[in-house]
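Me: Please give me a close look at the strands in this one and how they sit side by side. After that, I'd like to follow any ring pairs that lead on from them.

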Amino acid sequence: MNSILVVGSVALDTVKTSSGRSVEALGGSATYFSLAASYFSSVHLVAVVGEDFPREHRGTLERRGVDLAGLKAAKGKTFRWSGKYGKDAGAATTLTTHLNVFKTFRPTLSEVQRKVPVVFLANIDPELQAEVLAQMQAPALVACDTMNYWIDSKPAALKKLLAKVDVFFSNDEEAKKLTGAANALQAAEVLSGWGPSVVVIKKGEHGALMKVGSKVYVFPAYPLAHIKDPTGAGDTFAGGFLGYLASSGAHDDIGHLKRAMAYGTTLASFNVEDFSTKNIEDLERDAIDERFHDLSDRMSVPRADDLLKSRRAVSV
Ligand code: AMP
């Protein structure tokens, strides 16, 4: 089993969707990522919380085996985010972002943490993402995510960071905003020119695309007619993707990259079925694989000659 170091937010989220409201619940980019990745790889979390962070939330991460040696408790308040979604549960409208203890967080990684082979720079200040990356000793794979807040406030730091990243995750709106491109395909083209050899662009219920070298691969979402809370879908997707890819040990292999996309899609689909992290705290690996296989079956289109062959085999 491979291991992943993640830096990002650990938060208390207040969210309103058409299914209801959740107040000061466990959230944050690193939280969603860690829970999802923990089903495939061991995870070391680097983040900060305030004195008000409920003990039970640490327990939620610990029960999934997430290493919390890098989760500092600082004087002050935990990061808080609040947002709301329209009826279609598309992109969130951010109501408030209070960085609180993240304003001054400057982690120093331990010797063990520096040697972790796979790094995920989850959504947080790109300068903090860069500081963590600079402390890593020759990681085999570096992946990164961000969001509008940082695209608006620190675009230059973000672009500089992308030059050092292998895999970049973004949703289509953010990718278009960051690059100025007219559509997701053009945005992926621009982003791959900035550094990442793999660019993943997520389009909510319309699936996701992955650009590897000059080729673009397309993936549907897992079909769900009712979703309760899309918060963290992107981070959960990245957790499923990277958790699986790290465990495969073959980061450049297109077959494993495609499977990683399907595991990302699968984990994200579980996450949106309930508020906060509720539905990804205690999944059975069999349930994950069952949905993964269901998704893979729905995606595959048979070749005509294969259909003919199987018809002949039946009639012999
Ligand atoms: P997603 O829905 O995948 O974009 O992720 C939403 C999560 O990101 C929520 O749990 C928030 O706590 C967290 N979040 C929101 N805004 C920020 C921000 N500016 N920096 C870091 N994390 C954030």
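Reply: Two strands pair if DSSP finds at least two bridges between them. Strands (E, at least two residues) and helices (H or I, at least four) are DSSP runs, numbered from the N terminus. Keep in mind that this is a predicted model, where local features need pLDDT of at least 70 and side-chain atom pairs pLDDT 80 or more, though totals for chains, interfaces and linings use all residues. Residues are numbered from 1 along each chain as its sequence is written, and side-chain values use heavy atoms, without hydrogens or water.

Start with strand E9, residues 141-144, which pairs with E10 in the parallel sense over two bridges. On that seam, find Cys144: the residue standing opposite, in E10, is Phe168. Now zoom out to the sheet around these two. Nine strands make up an open sheet with mixed pairing, and reading across you get E5-E4-E1-E8-E9-E10-E11-E12-E13. At the edges are strand E5 (67-73) and strand E13 (215-219); each has a single partner strand, so one side of each has no neighbour in the sheet.

Next, hop over to strand E2, residues 11-17. Six of its seven residues are buried, meaning under 20% relative accessible area with a 1.4 Å probe and protein chains only (over 50% is exposed, in between is partly exposed). Who pairs with E2? One partner is strand E3 (residues 20-27), antiparallel, over six bridges. A hairpin of two residues carries the chain from E2 to E3, and if you look at Leu12, you'll find that its bridge partner in E3 is Leu26. E2 also runs parallel to E6, and six bridges join them. There, Val15 stands opposite Gly83.

E6 is a handy stepping stone to the rings. Rings of Phe, Tyr and Trp (its six-membered ring) pair if their centres lie within 6.5 Å; planes under 30 degrees apart are stacked, over 60 edge-to-face, and the rest tilted. Count them up that way and you get 11 aromatic pairs. One of them is Phe79 with Phe102, an edge-to-face pair with 5.8 Å from centre to centre and 90° between the planes. Phe79 belongs to strand E6 (residues 79-84), whereas Phe102 sits in the loop between strand E7 (93-98) and helix H3 (111-114), so this pair links distant parts of the chain, 23 residues apart. Phe79 counts as buried because its relative accessibility is 8%, and Phe102 is buried too, at 6%.

Then jump to Phe169 and Phe241, which also meet edge-to-face: their centres are 5.1 Å apart, with 90° between the planes. This one brings us back to E10, because Phe169 lies in that strand (residues 167-171) while Phe241 is in helix H9 (residues 233-248), so the pair ties together parts 72 residues apart in sequence. Both Phe169 and Phe241 are buried. Look around them and you'll spot a cluster held by ring pairs, made of Phe33, Phe120, Phe169, Phe237 and Phe241.

So here's a route to trace on screen: begin at Cys144 and step across to Phe168 in E10, then go to Phe169 and from there to Phe241 in helix H9.
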